Amino acid sequence: MFNRLAKNKVGLAIGIIWLFHISAIIGIALGYFQWFIEKTPLNLIIFLVLFFWVYPINTIKRLLAFLIFFSSGVFAEWVGVNYGVLFGNYEYGNNLGPKLDGVPYLIGALWALLTFVCAGIVDYLSVPKILKILFAALLMVALDFFMEQSSHLLDFWTFEDNLASYPNYITWFLLALVLQLVLRALDIKGNRLFSVHIYLSQLVFFLFFYLR
């Protein structure tokens with residue numbers, strides 16, 4: 001009974017995620033670009049709530065991990081935005097919600113979410129732990145690559161000349177690697193199926209803009 005309820009919960013969360021992403025893609029394709037993009041903070045909050053529902057932060061270890069990932073992401077982005085190092089010269093736009101000294105709070109949540117999700121995906125692989133850490137970090141960078149291609153169009157963030165440079169991806173990889181090392185050291189497991197779908201839904205959304 002418990003397993004069936006857990007499975008239904010995951011299925012419902014996955015359905016909601018795809019409903020929001022597909023609806024946004026269709027709406028934007030039909031010409032309602034601004035209306036849907038302005039709802040990005042609400043969408044991210046809903047995805048975060050679904051993440052907490054499927055993968056409850058109900059232990060000290062999980063809470064500690066989430067706070068480490070959140071604060072690390074915010075701090076790295078704060079350094080990047082205010083000092084022009086780590087990621088290159090860029091600034092955040094208005095479609096990611098309220099900011100702390102130029103950095104949207106939701107960026108920290110996104111860093112934490114991607115860390116858990118990418119770790120969950122590679123748990124499908126029967127490979128040594130060090131390779132799981134490496135593959136998960138590469139997954140994070142791969143998604144960032146497609147996000148960077150349209151971030152200025154979506155008013156998420158904007159680099160000089162509207163393009164992220166190589167230092168951005170190198171820093172992303174190194175920071176993602178550190179966060180994945182922390183996650184594996186704490187031996188925290190996530191829901192693999194949910195992780196795959198939340199990653200793929202984001203990838204499909206940004207691929208839509210990349211291929212247009």
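**Cavities, helix crossings and backbone features**

The lining of the second largest cavity comprises 11 nonpolar, 1 polar and 3 charged residues. The model described here is a predicted one. In this model, the volume of the second largest cavity is about 100 Å³. A total of 15 residues line this cavity, and E77, Y92, D144, W157 and W172 are the closest to its centre. Several elements contribute to the lining. At least two residues come from each of β1 (90-92), α5, α6, β4 and α7. Among the contributors, α5 gives the most, with 4 residues.

The structure holds 5 cavities of 30 Å³ or more. The largest cavity has a volume of about 230 Å³. Its lining is made up of 20 residues, of which T40, L44, F156, Q202 and F205 are the closest to the centre. Two or more lining residues come from each of the helices α1 (2-29), α2 (33-37), α3 (40-54), α5 (105-122) and α8 (192-211). By class, the lining of the largest cavity has 16 nonpolar and 4 polar residues. No charged residue takes part in this lining, whereas 3 charged residues belong to the lining of the second largest cavity. Helix α5 thus appears in both accounts: α5 is listed for the largest cavity, and α5 is listed for the second largest cavity.

Helix α5 also takes part in two helix crossings. The first partner considered is α3. The axes of α3 and α5 come within 11 Å and cross at roughly 40°. That angle makes α3 oblique to α5, because it falls outside the range under 35 degrees that counts as roughly parallel and below the 65 to 115 range that counts as roughly perpendicular. The crossing of α3 and α5 is left-handed.

The other partner considered is α8. The axes of α5 and α8 come within 8 Å, with a crossing angle of roughly 120°. These two helices are therefore oblique to each other as well. Here the angle lies beyond the 65 to 115 degrees of a roughly perpendicular pair, but is not over 145, the limit for a roughly antiparallel one. The crossing of α5 and α8 is left-handed. Both partners of α5, α3 and α8, are also among the helices that give two or more residues to the lining of the largest cavity.

Two aspartates stand out in the backbone. Most residues other than glycine have a negative phi. D101, which is not a glycine, has a positive phi of about 50°. D101 sits in the loop between β2 (99-100) and β3 (103-104). Its relative accessibility is 46%, so D101 counts as partly exposed. For D155, phi is near 60°, again a positive value in a residue other than glycine. D155 is placed in the loop that runs between α6 (129-150) and β4 (157-159). With a relative accessibility of 27%, D155 likewise counts as partly exposed. The two elements beside this loop, α6 and β4, each supply at least two residues to the lining of the second largest cavity.

A185 belongs to helix α7, which spans residues 166-186. This alanine has a relative accessible area of 67% and is exposed, because the value is over 50%. A185 and V49 are 136 residues apart along the chain. Their C-alpha atoms are separated by 25 Å.

Terms used
Residues are numbered from 1 along each chain as its sequence is written. This is a predicted model: local features need pLDDT of at least 70, side-chain atom pairs count only at pLDDT 80 or more; totals for chains, interfaces and linings use all residues. Side-chain values use heavy atoms; hydrogens and water are left out. Buried means under 20% relative accessible area, exposed over 50%, partly exposed in between (1.4 Å probe, protein chains only). On a 1 Å grid over the protein atoms alone, a cavity is a set of points where a 1.4 Å probe fits but cannot get out, and a pocket is an open set with protein on both sides within 12 Å along at least five of seven lines; lining residues have an atom within 4 Å of a point. Grid points are joined across faces, edges and corners, and a volume is the space filled by probe spheres set on the points. Ala, Val, Leu, Ile, Met, Phe, Trp, Tyr, Cys and Pro count as nonpolar, Asp, Glu, Lys and Arg as charged, and the others, Gly among them, as polar. Axes are lines fitted to C-alpha atoms, for helices over the stretch in contact, and angles run from 0 to 180 degrees between N-to-C directions. A crossing is left-handed if the near helix is turned anticlockwise from the far one by less than a right angle, and right-handed if clockwise.
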